[in-house]
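Trainee: Got a minute to go through this one with me? I'd like to chat about the annotation, the pockets and the charged pairs.

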Amino acid sequence: MMSTTTATLAGTKAVKKDSVAEIIAASMVGTAIEFYDNYCYSIAAASYFGLIFFTDVAKSNPAIATLMAFVTFAVSFLARPFGSMLFGHFGDKLGRKKTLVVALMTMGISTFLVGVLPGYEQIGVWSVVILCLCRACQGVGLAGEWSGAALVATENAPANKRALYGSFPNLGAPIGFFCAYGINLLLTTHLSKAQMVAFGWRIPFLMSAILVIIGLYVRARMSETPVFQKASEEKRTSKHPLTDLLPYWRQVLLGTVAMGITYTLFYILGTWSLSYGVSGLGFSQPEYLAMQMVSVFFFAAFIVVGCLQADKRGRKKVLLATTAVTLVFSFFAPALLQHDATRIMLFLCLGFVLMGGLFGPSGAYLPELFPMHVRYSGAGLSYNLAAIFGGAFAPSLATWLVSTYGIMSVGWYMAAMSAVALIALLLIKESKNMDYTK
């Protein structure tokens with residue numbers, strides 16, 4: 001049995017509270033699976049889906065086929081706001097635990113089905129239709145995952161360590177990244193390109209079932225958060241969360257815009273640069289995957305660094321400083337994108353340092369924009385609208401910009417996203433010392 005402690009919240013009976021290890025496991029596991037699924041899809045879209053699902057186009061123009069594959073990548077993001085509203089409704093009304101279990105199942109089943117999907121040569125255009133449907137269901141499940149995991153972490157946290165606890169689900173991102181890229185690196189090292197196209201690309205999707213089973217085991221045994229338990233006992237939970245969220249539209253908008261550059265940077269580094277590095281710069285796929293796997297350690301380390309600084313100095317100061325540096329980095333990044341391993345490593349490592357500093361504190365500052373009764377809905381909607389605003393079309397837009405205006409245009413794209421994020425952050429109030437139980 002899981003070991004649990006009890007915590008007494010003022011004026012209420014003792015409520016169950018999981019240990020720190022249990023909180024880490026419950027909040028991190030789903031986010032790790034989320035990013036594993038997303039990166040498996042992004043690698044497949046960058047490398048194989050053009051041939052498999054847009055076969056006729058790939059025969060005449062491989063670049064257009066890859067661009068079309070990247071558009072299917074965006075389908076998940078377009079479905080996310082609907083998922084965040086659906087799971088946010090139940091997360092604020094019924095609790096964080098039950099909602100997270102259903103979100104994980106939705107996400108896991110959809111990913112597994114991608115791994116068994118026939119290609120264009122077997123069922124024609126229906127393969128693309130079903131792929132987009134699976135990708136949409138993935139997005140619905142993913143939308144309910146991060147916000148619930150962030151609340152599991154932060155609603156169990158001491159007041160002075162809320163950003164640090166908020167790093168637990170966000171650390172799932174580099175873990176998922178490392179697993180996805182590691183498995184694909186092993187496969188591309190031991191299988192030929194023809195074998196990867198024939199069957200190898202399916203293996204990472206099918207292996208996600210193992211992670212989902214582990215995640216369901218952990219989630220089924222966790223406790224509801226003390227903050228939600230207290231609110232439920234005091235009849236302070238919302239019966240109509242989406243309606244109650246309407247007065248907080250400004251917070252949703254600012255959270256979305258502030259978070260946008262995080263997603264843009266994420267998918268420029270992880271998805272677009274893989275495609276460009278292989279097709280545009282002449283690296284082999286194993287070479288580029290290996291460089292990305294090394295750089296992801298910088299991502300993980302600076303998630304923790306960013307959160308420790310956010311607890312010490314405040315969310316706003318840390319995010320403003322990191323976003324400003326990202327703006328400067330945007331102008332130098334294109335010069336690093338050459339067939340030179342040292343320059344590529346500098347591009348990836350610096351990019352992921354900034355990515356960690358931006359992404360880490362989001363586990364605290366997005367939920368802190370909203371009161372308890374609409375926190376799941378508000379944080380989830382902001383996070384998932386940011387996914388569309390910053391990430392949904394980042395790979396395809398970067399591909400188009402480079403082909404039309406040259407490599408420097410990617411830098412201008414990142415700089416523009418950094419600038420609007422700075423404006424939003426200036427309008428967001430510092431929330432480090434807020435009463436998180438209200």
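Mentor: Sure, let's take it topic by topic, keeping in mind that this is a predicted model.

Trainee: Which residues does UniProt list for the domain?

Mentor: The unreviewed UniProt entry gives residues 23–433 as "domain: Major facilitator superfamily (MFS) profile". That span is 84% helix and 0% strand.

Trainee: And how far apart are the end C-alpha atoms of that span?

Mentor: They lie 22 Å apart.

Trainee: OK, pockets. What volume does the largest pocket have?

Mentor: About 690 Å³. Its lining is made up of 31 residues, and nearest the centre you find Ala 46, Pro 62, Thr 66, Ser 275 and Ser 279.

Trainee: Which helices supply at least two residues each to that lining?

Mentor: Among them are helix 1 (20–47), helix 4 (62–93) and helix 13 (249–279). Helix 2 (49–53), helix 9 (193–200) and helix 19 (394–405) do so as well.

Trainee: How many cavities of 30 Å³ or more are there?

Mentor: The count is one. The volume of the largest cavity is about 60 Å³. Its lining includes Arg 315, Lys 316, Leu 319 and Tyr 365, along with Lys 429 and Glu 430.

Trainee: Which helix gives the largest share of that lining?

Mentor: Helix 15 (residues 315–336), with three residues.

Trainee: Switching to charges. How many salt bridges does a search of the whole structure find?

Mentor: Nine. Take Arg 219 and Glu 145: their closest N and O atoms are 2.6 Å apart. Arg 219 sits in helix 10 (residues 202–221) and Glu 145 in helix 7 (residues 126–154), so this pair ties together parts that are 74 residues apart in sequence.

Trainee: Are Arg 219 and Glu 145 buried or exposed?

Mentor: Arg 219 is buried, and so is Glu 145.

Trainee: What about Arg 375, what does that one pair with?

Mentor: Arg 375 forms a salt bridge with Glu 155, at 3.2 Å between the closest N and O atoms. Here Arg 375 belongs to helix 18 (residues 375–392) and Glu 155 to the loop between helix 7 and helix 8 (162–190), so the pair ties together parts that are 220 residues apart in sequence. Both partners are buried, Arg 375 as well as Glu 155.

Trainee: Which residues are linked with those two in a network of salt bridges?

Mentor: Asp 92 and Arg 96 are in that network with Glu 155 and Arg 375. The side chains of Arg 96 and Asp 92 meet in their own salt bridge, 3.2 Å from N to O. Arg 96 and Asp 92 are buried too.

Trainee: Let's go to the surface. Which residues make the nonpolar patch?

Mentor: Met 105, Ile 109, Phe 112, Leu 113, Val 116 and Leu 206, covering about 490 Å². Helix 5 (residues 96–115) gives the most, with four residues.

Trainee: Where does Val 116 lie, then?

Mentor: Val 116 is in the loop between helix 5 and helix 6 (120–123). Patch residues need over 30% relative accessible area, and Val 116 is partly exposed at 46%, so Val 116 clears that cut-off.

Trainee: Last one: is Lys 193 buried or exposed?

Mentor: Lys 193, which lies in helix 9, is exposed, because its relative accessible area is 51% and the cut-off for exposed is over 50%. Between Lys 193 and Glu 233 there are 58 Å in space, C-alpha to C-alpha, and the two are 40 residues apart in sequence.

Conventions. Residues numbered from 1 in each chain as written. Predicted model: local features only at pLDDT ≥ 70, side-chain atom pairs only at ≥ 80, totals over all residues. Heavy atoms only, no water. UniProt positions renumbered as here; feature names shortened; annotations may be inferred. Patch = residues over 30% accessible without salt bridge, like charges linked within 9 Å, V, L, I, M, F, W, Y side chains within 5 Å. Areas by Shrake-Rupley, 256 points an atom, 1.4 Å probe, with all protein chains shown as cover. Salt bridge = Lys/Arg side-chain N within 4 Å of Asp/Glu carboxyl O. Buried < 20%, exposed > 50% of the residue type's maximum accessible area, 1.4 Å probe, protein only. 1 Å grid on protein atoms, 1.4 Å probe; cavity = no way out; pocket = protein on both sides within 12 Å on 5 of 7 lines; lining within 4 Å. Points joined across faces, edges and corners; volume = space filled by probe spheres on them.
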